[in-house]
Each structure stands twice: as C-alpha cells, then as structure tokens.
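Visitor: I have just opened this one and would like someone to walk me through it. Could we begin with the ligand and then move on to the rest?

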Amino acid sequence: EEAVANNNRNTTASRLPIPSLRRADRSKPYDYLIVGAGFAGSVLAERLAAGSGKRVLVCDKRPHVAGNAYDHYDEHGVLVHRYGPHIFHTNSEEIFAYLSRFTRWRPYEHRVLADVGGKLLPMPINRTTLNGLYGLDLRDEGQAAAFLASRAEPVADIRTSRDVVVSAVGTDLYETFFQGYTRKQWGLDPSELDKAVTARVPTRTSMDDRYFLDTYQAMPADGFTAMFEAMLDHPNITLELGVDFEELRAEGLAPKLIFTGPIDAYYGHRFGALPYRSLRFQHETLDQRRFQPVAVVNYPAETVPYTRITEYKYLTGQVHPKTSISFEFACAEGDPYYPIPRPENQALFKQYEALARAERDVTFVGRLGTYRYYNMDQVVGQALATHRKLVGAAASIEAA
Ligand code: FAD
C-alpha cells in the first residue's frame, strides 16, 4: 500500500500548473475580489464560484495557493510543509464532507513527544508522562488523578496561562513542560498571557497519547496544495499569485471584497500595528530513512533555541530513502503567524473591528482578518458560514 501511495505522489510531484491560473481579464467584471488563497479565501472562492455562479478573482502575495497549509516537494523529492506541520482534525461532519469533495484522505493520528533532558515523554501530559518523568508506577486513572491533585496548587482567580497550568498540575510540571516552551513560543512569560493559550493543552490521566481526540483525523492523500488546486479549479475563478492586494487596490476590479490578510494592514495600521508572533523554519534533508520516533518532538527547555522539530514523512506517509525535518524558531519579526492573545491587543483589534462593521462591501475572514487563533477546520467553518451570509444577504437585496 505504501508503494502505491508513493507512486501516486511521484505523479503529483510533477503536476502541471493550476489550470485556472491566468491573469485577471480587466475587460470582464468580477463579482468578488478575494485577497488570500489560504483556507478562508479558497473556500469562499469555491463556494461563490461553484455554489453561487459568481465570477471571482483571487490574489495572493505569495507565489502559491494554500496559505500557511502549503506543502511541496523539496529538492530531494520529500513532501514538506513550508510553514510548519499542519495536521487536519475536526469534529464537524459537515466540514469533513465538504473538504472530501476535493481530496481523498489518509488516516493519521498525531503524536507528540517532549524532550526533557534527553528523555522523550508524551505530550499532552498523560499517565506515561508522569510515570516516565518521576519513575512512578501509576496503574490507573484514579491513581494518576490523585497524583496530579497532590501536585496541583489552587489559584483563586485563574486569569493567566500560568494560573491554568499551576492550578491543574503544580509548579514542577509547569516549569518542566510549559514555562520555557511558552516563553520561547510567545516571547512572554505564561503569567503575562491570556489563560486561553494553555487552556488548549489538556492533561490526561489515561495512557492515550494521541495529540488530538477529534472524530475525524486525516491528511489529504496527495497533500494540502493538491486539495487547494482541486478546490480552485473552476472556470469562474481566476488566480493571481505573487500579487499583493495593494497592487490591485486602486483598480476597482470587483464591487465586493473579501479580505483574509491582516485587518490592521487593510486599514494602513491607523490605530497602530496589531502584535503578531512570527516563526522561522530551518528545513533540512537527511540521508537516512528516519530521524525521530514521532512526527513532532517538542523542546521545552529554554536552553534549546528552537521549540520543536518536525519530521514530515510521518504526516504524509511518504516512503523515501531520505527524510526531511524542520526546526521551528519563534521570533518577533517576520510574517504574521499568531495573533498574541492579550487583553490590550483585543482592545486594539476591537477598534479595527468597528471600522470593519461599518463596511458594506468588504468582509474580513480567516485567522488574520479576524485576529484570532483558528485551526484549519474552524476557518473552513467560518468561510462556509460567511458564504451563507453573503448569498443570503444578496438574495434578500435582489428580492427587495
Ligand atoms: P492563511 O493560511 O494565513 O492565508 C492568508 C493568505 O493571505 C496568505 O497566503 C497570505 O499570503 C495572503 N495575504 C495576506 N495579505 C495579503 C495581501 N496584502 N495581498 C495578497 N495576499 C495577502 N491548523 C490546524 O487545523 N492544524 C494544525 O496542525 C495547524 N498547525 C499550524 C502550525 C503553524 C506553524 C501555524 C502558523 C498554523 C497552524 N494551523 C493549524 C492553523 C492554520 O494555519 C490556519 O488555521 C489556516 O492557515 C488559516 O487560514 P487563513 O486562510 O485564515 O490564513
């Protein structure tokens, strides 16, 4: 089965340019200009074109589709994710069924280990983690829960990320797994970050070592980029890649605009720049079949400069004599990746949101358009809901 999968990949590796990739035809009117060809922009383009018969022009300043989910074959022929590991998971049957129109899937359950002084322990923390770290023999969920309870340090008013973790598992586990990692990831101490950041990371008393527990966990069989190409391959969709919105802004190419880039950039940062955390990836190909035992190994120690190492063949199922990995470094400067969840940043966002609310013909969607951490499935859900709102509104305007 692996050999067949690999054969298929070799075919897609040399795939042709996207059929609908052509320059915008200025003589014909478009109904929508969509900025960004990531999940938000591409789902909306597909729905408006194929679902509602609209003519859509999509631009992206990057020279490729798929946004941060972009994957490609590196110079050694190994399929890698340029902007870091993307694992698809969702509990929504509707979202999974929608994306299944554009791809076959390969079942994949994600597993992560944390390197603590050379010991590799499951993340999120589970019973195996506790036994491995402390040399214990906790045999069931009750014993693990009792151990965690004995370590937990109640915090009266849980406000920050530190409060969340310390109140659940105590200072030692907090310092071992969260403090250094969070400082590296966000450039801030967990005590300065909204509780939502670490609330995303659960603690388990079972031995379940899957990173996600969602109903649907799978990777597009031919990769994310191939899925996006299928989604955007429609005669009503024109793609302009490597083109910044600012180059098209004055042209008035369409009466309606959907913007999936940073909302503060759209408004010329007039209230100040919204803070984002950026990432730098150091990609390497090694002349060996395997590098590490799972797809992602986290490095929580502050003495290690990177946060994690990803080995892509686990995610893609590709069979190849070499393997490609990436080291991930978090940094302040660079492309916007993560909105930084702090109350003052939300307050600044609200100022931009007020401007956005007053727009009749501009809609902001996606992670950067709405300044929120969203997983891929959430962005697909947001885009599908936005489509329903847009065509519903259009239908009611036409009816009036
Ligand atoms: P994007 O994918 O960022 O797309 C926005 C696009 O707009 C970009 O391509 C950008 O070039 C373009 N753009 C911006 N400004 C302009 C402009 N002025 N002109 C033209 N184009 C412009 N989610 C999961 O579900 N599972 C995961 O495992 C996962 N892992 C992740 C790992 C990392 C390191 C990161 C950063 C994110 C991860 N995510 C994951 C989240 C996922 O990347 C997002 O949910 C998804 O990419 C959001 O899609 P989007 O369309 O909103 O934004």
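**A walk through the model**

Guide: We can begin at asparagine 68, where a backbone N or O atom lies 3.0 Å from an oxygen atom of the ligand. Please keep in mind throughout that this is a predicted model.

Visitor: How much of the ligand's area does the protein bury?

Guide: Taken alone, the ligand exposes 1,000 Å², and the protein buries 95% of that.

Visitor: OK, and which residues are closest to it?

Guide: The ligand is surrounded by 30 residues, of which the closest are Asp60, His86, Ile87, Tyr374 and Met376. In the case of aspartate 60, an N or O atom of the side chain is 2.7 Å from an oxygen atom of the ligand, whereas isoleucine 87 has a polar backbone atom 2.8 Å from an oxygen atom of the ligand.

Visitor: What's the mix of nonpolar, polar and charged residues in that shell?

Guide: The shell around the ligand divides into 15 nonpolar, 9 polar and 6 charged residues. As for where they come from, the helices α2 (39–51), α13 (366–369) and α14 (376–399) each supply at least two residues of the shell.

Visitor: Switching to strands: what is the order in the sheet of 3 strands?

Guide: That sheet is open, with the order β5-β9-β6 and antiparallel pairing. Its edge strands are β5 (89–90) and β6 (105–107), each of which pairs on one side only.

Visitor: And how many bridges join β6 to β9?

Guide: There are 3 bridges between β6 and β9 (residues 216–220), and the two strands run antiparallel. Within that pairing, proline 107 stands opposite alanine 218 in β9.

Visitor: Which peptide bond is cis?

Guide: The bond from methionine 123 to proline 124 is cis, with omega near -5°, and proline 124 lies in the loop between β8 (119–123) and α4 (127–134). Another backbone detail is found at alanine 66, where phi is near 85°, a positive value in a residue other than glycine; this alanine 66 sits in the loop between β2 (56–60) and β3 (71–73).

Visitor: Last thing, where does pLDDT stay under 50?

Guide: Residues 1–17 are the stretch where pLDDT stays under 50, and the model has 19 contacts beyond four places in sequence for them. Where pLDDT is low, the predicted coordinates should not be read in detail. For the chain, the mean pLDDT is 92, and 92% of the residues reach 70 or more.

Conventions: Residues numbered from 1 in each chain as written. Predicted model: local features only at pLDDT ≥ 70, side-chain atom pairs only at ≥ 80, totals over all residues. Heavy atoms only, no water. Pairing = 2+ DSSP bridges. Helix = DSSP H or I, 4+ residues; strand = E, 2+ residues; numbered from the N terminus. pLDDT = per-residue confidence, 0-100. Contact = heavy atoms within 4.5 Å. Near = heavy atom within 4 Å. Polar contact = N/O pair within 3.5 Å; in protein donor to acceptor, adjacent residues only side chain to side chain. Areas by Shrake-Rupley, 256 points an atom, 1.4 Å probe, with all protein chains shown as cover. Nonpolar A, V, L, I, M, F, W, Y, C, P; charged D, E, K, R; others polar.
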